[in-house]
Amino acid sequence: MQYRRLTVDGFGWAFIDEGSGPVVLLCHGFPGLAYSWRHQVQPLVAAGFRVIAPDMPGYGGTDSPAAVAEYTYLSAAGRLDALLESLHVERAVVVGHDFGAPTTWTLALEYPQRVAGLALLAMPYAPDRIPIRPSEAFGYLAQKHFFHFDYFLQPNLADAELDARPREFLTRIFYALSGDYRYLDVWEHPSDRGGRRLGYLDVLPEAPELPWSWLTSAELDVYHAAFRKSGFTGGLNWYRAADLNWQLQSEVPRVLDVPAYFLCGDNDPVLTIAGRGAVDRMREMMPGLRGVETFFGAGHFIQMERADEVSAALVSFAASLDRA
(Lines give C-alpha, C1' and ligand atoms only; values in the text may rest on other atoms or scores of the structure.)
Protein backbone atom coordinates (compact mmCIF):
# COMPACT_ATOMS: atom_id res chain seq x y z
CA MET A 1 0.00 0.00 0.00
CA GLN A 2 1.34 3.37 -1.03
CA TYR A 3 0.81 6.54 0.96
CA ARG A 4 0.04 9.92 -0.54
CA ARG A 5 0.67 13.26 1.13
CA LEU A 6 -1.57 16.28 0.70
CA THR A 7 -1.83 19.59 2.50
CA VAL A 8 -5.36 20.96 2.81
CA ASP A 9 -5.92 24.37 4.38
CA GLY A 10 -2.48 24.18 5.94
CA PHE A 11 -3.04 20.71 7.45
CA GLY A 12 -0.88 17.83 6.26
CA TRP A 13 -2.48 14.45 5.60
CA ALA A 14 -0.86 11.09 4.94
CA PHE A 15 -3.28 8.58 3.46
CA ILE A 16 -3.69 5.46 1.37
CA ASP A 17 -5.49 6.11 -1.92
CA GLU A 18 -6.03 3.05 -4.11
CA GLY A 19 -8.47 1.90 -6.76
CA SER A 20 -11.08 3.73 -8.78
CA GLY A 21 -14.84 4.06 -8.62
CA PRO A 22 -17.16 5.10 -5.78
CA VAL A 23 -15.17 6.09 -2.71
CA VAL A 24 -14.98 4.24 0.59
CA LEU A 25 -13.36 6.32 3.36
CA LEU A 26 -11.84 4.26 6.21
CA CYS A 27 -11.18 6.01 9.54
CA HIS A 28 -9.25 4.29 12.34
CA GLY A 29 -9.16 4.86 16.08
CA PHE A 30 -6.67 4.38 18.96
CA PRO A 31 -3.98 3.11 18.66
CA GLY A 32 -4.31 2.76 14.93
CA LEU A 33 -3.08 3.85 11.55
CA ALA A 34 -4.36 3.74 7.99
CA TYR A 35 -2.44 0.44 8.01
CA SER A 36 -5.09 -0.93 10.38
CA TRP A 37 -7.31 -1.35 7.28
CA ARG A 38 -4.68 -3.33 5.36
CA HIS A 39 -6.96 -6.36 5.06
CA GLN A 40 -9.91 -4.36 3.70
CA VAL A 41 -8.21 -2.20 1.06
CA GLN A 42 -7.65 -4.78 -1.67
CA PRO A 43 -11.04 -6.54 -1.34
CA LEU A 44 -12.76 -3.17 -1.69
CA VAL A 45 -10.55 -2.17 -4.63
CA ALA A 46 -11.21 -5.53 -6.29
CA ALA A 47 -14.95 -4.92 -5.88
CA GLY A 48 -14.69 -1.68 -7.85
CA PHE A 49 -14.19 0.95 -5.15
CA ARG A 50 -11.65 3.67 -4.58
CA VAL A 51 -10.36 3.38 -1.02
CA ILE A 52 -9.11 6.39 0.93
CA ALA A 53 -7.68 5.52 4.35
CA PRO A 54 -5.95 8.35 6.22
CA ASP A 55 -3.70 8.33 9.19
CA MET A 56 -6.09 10.30 11.37
CA PRO A 57 -5.00 13.61 12.97
CA GLY A 58 -2.27 12.97 15.53
CA TYR A 59 -1.19 9.66 14.02
CA GLY A 60 1.51 8.41 11.69
CA GLY A 61 2.40 10.78 8.88
CA THR A 62 -0.58 13.11 9.37
CA ASP A 63 -0.08 16.36 11.26
CA SER A 64 -0.37 16.31 15.04
CA PRO A 65 -1.50 19.73 16.27
CA ALA A 66 -0.67 20.72 19.85
CA ALA A 67 -4.11 22.10 20.75
CA VAL A 68 -6.57 19.55 22.15
CA ALA A 69 -9.40 21.42 20.44
CA GLU A 70 -8.04 20.13 17.12
CA TYR A 71 -9.07 16.60 18.14
CA THR A 72 -12.80 17.05 18.65
CA TYR A 73 -15.06 15.00 16.44
CA LEU A 74 -16.35 18.21 14.89
CA SER A 75 -12.85 19.42 14.05
CA ALA A 76 -11.81 16.04 12.61
CA ALA A 77 -15.02 15.75 10.60
CA GLY A 78 -14.46 19.20 9.14
CA ARG A 79 -10.94 18.25 8.12
CA LEU A 80 -12.21 15.03 6.50
CA ASP A 81 -14.81 17.00 4.57
CA ALA A 82 -12.09 19.37 3.34
CA LEU A 83 -9.85 16.41 2.40
CA LEU A 84 -12.63 14.81 0.34
CA GLU A 85 -13.38 18.16 -1.30
CA SER A 86 -9.73 18.60 -2.25
CA LEU A 87 -9.76 15.10 -3.79
CA HIS A 88 -12.91 15.99 -5.78
CA VAL A 89 -14.94 13.36 -3.93
CA GLU A 90 -18.56 14.45 -3.75
CA ARG A 91 -19.88 11.47 -1.78
CA ALA A 92 -18.35 8.52 0.03
CA VAL A 93 -19.29 5.44 1.95
CA VAL A 94 -17.75 6.25 5.30
CA VAL A 95 -16.43 3.65 7.76
CA GLY A 96 -15.24 4.37 11.30
CA HIS A 97 -13.70 2.18 13.99
CA ASP A 98 -13.27 3.21 17.65
CA PHE A 99 -12.78 7.02 17.71
CA GLY A 100 -13.22 6.88 13.95
CA ALA A 101 -16.87 5.94 14.55
CA PRO A 102 -18.01 9.16 16.28
CA THR A 103 -15.88 11.12 13.84
CA THR A 104 -17.67 9.56 10.88
CA TRP A 105 -21.15 9.90 12.37
CA THR A 106 -20.33 13.57 13.05
CA LEU A 107 -19.37 13.86 9.38
CA ALA A 108 -22.75 12.34 8.48
CA LEU A 109 -24.61 14.72 10.81
CA GLU A 110 -22.80 17.91 9.80
CA TYR A 111 -22.05 17.19 6.14
CA PRO A 112 -24.87 14.85 5.09
CA GLN A 113 -24.38 15.60 1.39
CA ARG A 114 -20.93 14.00 1.67
CA VAL A 115 -22.03 10.64 3.12
CA ALA A 116 -23.67 7.97 0.95
CA GLY A 117 -23.60 5.40 3.73
CA LEU A 118 -22.11 4.88 7.16
CA ALA A 119 -20.57 1.74 8.68
CA LEU A 120 -19.67 1.86 12.36
CA LEU A 121 -17.29 -0.65 13.91
CA ALA A 122 -17.16 -1.26 17.66
CA MET A 123 -18.82 2.00 18.78
CA PRO A 124 -22.61 2.25 18.37
CA TYR A 125 -24.12 5.63 17.55
CA ALA A 126 -24.55 7.48 20.86
CA PRO A 127 -26.98 10.39 20.45
CA ASP A 128 -27.55 11.12 24.15
CA ARG A 129 -25.46 13.68 26.01
CA ILE A 130 -24.49 12.41 29.46
CA PRO A 131 -25.61 14.71 32.32
CA ILE A 132 -22.13 15.55 33.64
CA ARG A 133 -18.78 16.34 32.08
CA PRO A 134 -16.96 13.20 30.98
CA SER A 135 -13.90 14.12 33.04
CA GLU A 136 -16.07 14.10 36.16
CA ALA A 137 -17.51 10.72 35.26
CA PHE A 138 -14.05 9.33 34.51
CA GLY A 139 -12.73 10.64 37.83
CA TYR A 140 -15.58 9.01 39.73
CA LEU A 141 -14.91 5.65 38.09
CA ALA A 142 -11.18 6.00 38.76
CA GLN A 143 -11.91 6.14 42.50
CA LYS A 144 -13.10 2.55 42.25
CA HIS A 145 -10.66 1.01 39.78
CA PHE A 146 -8.08 1.77 37.12
CA PHE A 147 -9.85 3.49 34.25
CA HIS A 148 -7.72 4.34 31.25
CA PHE A 149 -9.94 7.25 30.17
CA ASP A 150 -9.13 9.05 33.42
CA TYR A 151 -5.45 8.07 33.32
CA PHE A 152 -5.10 9.44 29.80
CA LEU A 153 -6.45 12.83 30.92
CA GLN A 154 -3.55 13.33 33.33
CA PRO A 155 -0.95 15.69 31.83
CA ASN A 156 2.14 13.91 30.50
CA LEU A 157 1.73 10.69 32.49
CA ALA A 158 0.58 8.34 29.74
CA ASP A 159 2.65 10.16 27.11
CA ALA A 160 5.87 9.49 28.99
CA GLU A 161 4.98 5.91 29.87
CA LEU A 162 3.88 4.82 26.41
CA ASP A 163 6.54 6.74 24.48
CA ALA A 164 9.22 4.97 26.53
CA ARG A 165 7.90 1.48 25.76
CA PRO A 166 5.89 1.67 22.52
CA ARG A 167 6.28 -1.90 21.31
CA GLU A 168 5.41 -3.38 24.68
CA PHE A 169 2.35 -1.18 25.01
CA LEU A 170 1.10 -1.91 21.50
CA THR A 171 1.52 -5.66 21.95
CA ARG A 172 -0.24 -5.69 25.29
CA ILE A 173 -3.13 -3.39 24.32
CA PHE A 174 -3.81 -5.30 21.11
CA TYR A 175 -3.94 -8.52 23.09
CA ALA A 176 -5.94 -7.10 26.00
CA LEU A 177 -8.67 -5.73 23.73
CA SER A 178 -8.82 -8.83 21.54
CA GLY A 179 -11.26 -11.69 21.81
CA ASP A 180 -8.57 -13.75 23.53
CA TYR A 181 -8.70 -11.75 26.78
CA ARG A 182 -11.34 -10.31 29.07
CA TYR A 183 -10.34 -6.64 29.07
CA LEU A 184 -12.50 -5.70 32.03
CA ASP A 185 -10.15 -7.72 34.25
CA VAL A 186 -7.95 -4.61 34.00
CA TRP A 187 -10.57 -2.86 36.13
CA GLU A 188 -9.72 -5.15 39.05
CA HIS A 189 -6.63 -2.99 39.62
CA PRO A 190 -6.86 0.24 41.64
CA SER A 191 -5.79 3.59 40.23
CA ASP A 192 -3.18 3.99 42.96
CA ARG A 193 -1.08 1.57 44.92
CA GLY A 194 1.10 2.54 47.85
CA GLY A 195 0.65 6.21 47.07
CA ARG A 196 1.79 5.78 43.45
CA ARG A 197 -0.45 6.35 40.46
CA LEU A 198 -0.44 3.14 38.44
CA GLY A 199 0.36 3.31 34.75
CA TYR A 200 -1.32 1.41 31.95
CA LEU A 201 1.55 -1.06 31.71
CA ASP A 202 1.12 -1.84 35.41
CA VAL A 203 -2.36 -3.20 34.78
CA LEU A 204 -2.39 -4.56 31.22
CA PRO A 205 -1.83 -8.31 30.90
CA GLU A 206 1.33 -9.84 29.53
CA ALA A 207 0.77 -10.80 25.91
CA PRO A 208 1.68 -14.15 24.36
CA GLU A 209 4.52 -14.25 21.88
CA LEU A 210 3.76 -13.27 18.31
CA PRO A 211 2.61 -14.38 15.82
CA TRP A 212 -1.06 -14.65 16.76
CA SER A 213 -3.80 -15.81 14.43
CA TRP A 214 -4.49 -12.19 13.41
CA LEU A 215 -1.23 -10.30 14.02
CA THR A 216 2.35 -11.05 13.05
CA SER A 217 5.60 -9.60 14.35
CA ALA A 218 6.18 -7.93 10.97
CA GLU A 219 2.79 -6.24 11.17
CA LEU A 220 3.50 -5.04 14.67
CA ASP A 221 6.79 -3.63 13.36
CA VAL A 222 4.79 -1.18 11.23
CA TYR A 223 2.89 0.14 14.25
CA HIS A 224 6.03 0.24 16.36
CA ALA A 225 7.97 2.25 13.78
CA ALA A 226 5.12 4.74 13.38
CA PHE A 227 4.54 5.34 17.09
CA ARG A 228 8.24 5.38 17.92
CA LYS A 229 8.50 8.28 15.48
CA SER A 230 5.29 10.16 16.31
CA GLY A 231 4.83 9.34 19.98
CA PHE A 232 1.40 8.80 21.50
CA THR A 233 0.40 12.36 22.43
CA GLY A 234 -1.62 12.89 19.26
CA GLY A 235 -3.62 9.74 19.89
CA LEU A 236 -4.10 10.57 23.56
CA ASN A 237 -5.43 14.01 22.65
CA TRP A 238 -8.53 12.31 21.24
CA TYR A 239 -9.31 11.24 24.81
CA ARG A 240 -8.43 14.68 26.18
CA ALA A 241 -11.02 16.26 23.91
CA ALA A 242 -13.83 14.45 25.77
CA ASP A 243 -15.12 17.52 27.63
CA LEU A 244 -14.97 19.63 24.48
CA ASN A 245 -16.96 16.99 22.58
CA TRP A 246 -19.49 17.00 25.40
CA GLN A 247 -19.83 20.79 25.19
CA LEU A 248 -20.32 20.61 21.43
CA GLN A 249 -22.87 17.80 21.52
CA SER A 250 -26.49 18.79 21.16
CA GLU A 251 -28.57 18.47 24.34
CA VAL A 252 -31.40 17.25 22.10
CA PRO A 253 -30.60 13.80 20.65
CA ARG A 254 -30.22 13.95 16.89
CA VAL A 255 -31.70 11.38 14.54
CA LEU A 256 -29.08 10.17 12.07
CA ASP A 257 -30.94 9.16 8.93
CA VAL A 258 -28.40 7.62 6.57
CA PRO A 259 -28.03 4.07 5.25
CA ALA A 260 -25.98 2.42 7.97
CA TYR A 261 -24.47 -0.80 9.23
CA PHE A 262 -22.95 -1.77 12.59
CA LEU A 263 -20.30 -4.42 13.16
CA CYS A 264 -18.84 -5.52 16.48
CA GLY A 265 -17.13 -8.33 18.35
CA ASP A 266 -19.13 -9.99 21.08
CA ASN A 267 -16.11 -9.72 23.41
CA ASP A 268 -15.54 -6.02 22.81
CA PRO A 269 -15.44 -4.09 26.12
CA VAL A 270 -16.66 -0.96 24.32
CA LEU A 271 -20.16 -2.43 24.31
CA THR A 272 -19.99 -3.04 28.07
CA ILE A 273 -18.77 0.51 28.67
CA ALA A 274 -21.50 1.87 26.38
CA GLY A 275 -24.06 0.10 28.55
CA ARG A 276 -26.97 -2.19 28.04
CA GLY A 277 -29.39 -0.88 25.51
CA ALA A 278 -26.79 1.06 23.50
CA VAL A 279 -27.46 -0.94 20.34
CA ASP A 280 -31.24 -0.69 20.82
CA ARG A 281 -30.91 3.07 21.28
CA MET A 282 -28.88 3.24 18.08
CA ARG A 283 -31.65 1.39 16.25
CA GLU A 284 -34.17 3.97 17.51
CA MET A 285 -32.08 6.95 16.38
CA MET A 286 -30.76 5.54 13.10
CA PRO A 287 -33.82 4.67 11.01
CA GLY A 288 -31.56 3.78 8.08
CA LEU A 289 -29.72 1.08 10.04
CA ARG A 290 -29.77 -1.93 7.75
CA GLY A 291 -28.17 -4.46 10.03
CA VAL A 292 -26.09 -5.30 13.08
CA GLU A 293 -23.46 -8.01 12.67
CA THR A 294 -21.75 -9.57 15.67
CA PHE A 295 -18.59 -11.63 15.34
CA PHE A 296 -18.54 -14.19 18.11
CA GLY A 297 -15.21 -14.72 19.82
CA ALA A 298 -13.85 -11.44 18.49
CA GLY A 299 -12.81 -8.41 20.49
CA HIS A 300 -12.27 -4.77 19.65
CA PHE A 301 -10.07 -4.94 16.54
CA ILE A 302 -12.49 -6.82 14.31
CA GLN A 303 -11.04 -5.49 11.05
CA MET A 304 -7.92 -7.49 11.95
CA GLU A 305 -9.36 -10.29 14.10
CA ARG A 306 -12.08 -11.11 11.56
CA ALA A 307 -10.45 -9.59 8.51
CA ASP A 308 -12.13 -11.61 5.77
CA GLU A 309 -15.61 -11.38 7.29
CA VAL A 310 -15.33 -7.63 7.87
CA SER A 311 -14.02 -7.09 4.34
CA ALA A 312 -16.93 -9.07 2.91
CA ALA A 313 -19.44 -7.16 5.03
CA LEU A 314 -18.08 -3.79 3.95
CA VAL A 315 -18.00 -4.78 0.28
CA SER A 316 -21.59 -6.02 0.51
CA PHE A 317 -22.80 -2.90 2.32
CA ALA A 318 -21.04 -0.48 -0.03
CA ALA A 319 -22.27 -2.34 -3.10
CA SER A 320 -25.87 -2.25 -1.84
CA LEU A 321 -26.05 1.53 -1.74
CA ASP A 322 -27.51 3.78 -4.35
CA ARG A 323 -24.43 5.74 -5.29
CA ALA A 324 -26.02 7.82 -8.02
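The following is a conversation about the fold and some local details of a predicted model.

Reader: Let's start broadly: what does the secondary structure come to, and what box do the C-alpha atoms fill?
Author: In this predicted model, the secondary structure comes to 15 helices and ten strands, and the C-alpha atoms fill a box of roughly 60 × 45 × 40 Å along the principal axes.

Reader: And what radius of gyration would a compact globule of 324 residues have, against what the protein has?
Author: For 324 residues a compact globule would have a radius of gyration near 20 Å, and the protein has 19 Å, which agrees. Of those 324 residues, 56% count as buried, and about 13,300 Å² is exposed, with carbon and sulfur atoms supplying 50% of that area.

Reader: What share of the contacts comes from residues 24 or more positions apart?
Author: Counting contacts with a separation of 6 or more, residues 24 or more positions apart account for 79%.

Reader: On to the sheet, then. What is the strand order, and which strands sit at the edges?
Author: The sheet is open and has eight strands, in the order S1-S2-S4-S3-S5-S6-S9-S10 with mixed pairing. Strand S1 (3-8) and strand S10 (289-295) are the edge strands, each pairing on one side only, and the twist from one strand to the next averages 20 degrees.

Reader: How do S1 and S2 pair, and what is in the hairpin?
Author: S1 and S2 are antiparallel, paired over six bridges, and Arg 5 has Ala 14 in S2 as its bridge partner. Two residues lie between the strands of this hairpin, in which Asp 9 takes a positive phi near 55 degrees.

Reader: Which residues of S2 are on each face, and are they buried or exposed?
Author: Both faces are covered, with Phe 11, Trp 13, Phe 15 and Asp 17 on one side and Gly 12, Ala 14, Ile 16 and Glu 18 on the other, all of them buried. That agrees with the count for the strand (residues 11-18), in which eight of eight residues are buried. In a regular strand the side chains alternate between the two faces of the sheet.

Reader: What about S2 with S4, and S3 with S5: parallel or antiparallel?
Author: S2 pairs with strand S4 (residues 50-54) in the antiparallel sense over four bridges, and Asp 17 has Ile 52 in S4 as its bridge partner. Strand S3 (residues 23-27) and strand S5 (residues 92-97), by contrast, run parallel and are joined by five bridges, with Leu 26 standing opposite Val 95 in S5.

Reader: Switching to helices: why call H7 largely enclosed, and what covers its buried residues?
Author: Helix H7 (residues 166-176) is largely enclosed by the rest of the structure because nine of its eleven residues are buried, among them Phe 169, Leu 170, Arg 172 and Tyr 175. The cover over these buried residues includes helix H6 (157-164), helix H8 (200-203), helix H9 (217-230) and helix H14 (302-305).

Reader: And H15, what span should it have?
Author: At 1.5 Å a residue, the 14 residues of helix H15 (residues 307-320) should span 20 Å, and the end C-alpha atoms are 20 Å apart, which agrees. Its buried residues include Val 310, Leu 314, Val 315 and Phe 317.

Reader: Thr 103 next: buried or exposed, and what is it in contact with?
Author: Thr 103, which is in helix H3 (residues 100-110), is buried with a relative accessible area of 0%. Leaving aside neighbours within four places in sequence, Thr 103 is in contact with Met 56, Tyr 73, Ala 76, Ala 77, Leu 80 and Trp 238.

Reader: Any backbone oddities? Which peptide bonds are cis?
Author: The bond from Phe 30 to Pro 31 is cis, with omega near -10 degrees, and Pro 31 is in the loop between S3 and helix H1 (38-46). A cis peptide bond also joins Leu 210 and Pro 211, with omega about 5 degrees, and Pro 211 is in the loop between H8 and H9.

Reader: Where are His 88 and Asp 98, and is each buried or exposed?
Author: His 88 is in the loop between helix H2 (73-86) and S5, and with a relative accessible area of 72% this residue is exposed. Asp 98 lies in the loop between S5 and H3 and counts as buried at 8% relative accessibility. Neither is a glycine, yet His 88 has a positive phi of about 60 degrees, and Asp 98 also has a positive phi of about 60 degrees. Most residues other than glycine have a negative phi, and most peptide bonds are trans.

Methods: Residues are numbered from 1 along each chain as its sequence is written. This is a predicted model: local features need pLDDT of at least 70, side-chain atom pairs count only at pLDDT 80 or more; totals for chains, interfaces and linings use all residues. Side-chain values use heavy atoms; hydrogens and water are left out. Two strands pair if DSSP finds at least two bridges between them. Axes are lines fitted to C-alpha atoms, for helices over the stretch in contact, and angles run from 0 to 180 degrees between N-to-C directions. The radius of gyration is taken over C-alpha atoms; the globule rule is 2.2 Å times the number of residues to the power 0.38. Buried means under 20% relative accessible area, exposed over 50%, partly exposed in between (1.4 Å probe, protein chains only). Contact means heavy atoms within 4.5 Å. Accessible areas come from the Shrake-Rupley method with a 1.4 Å probe; for residues, only the protein chains shown count as cover. The expected span of a helix is 1.5 Å times one less than its number of residues.
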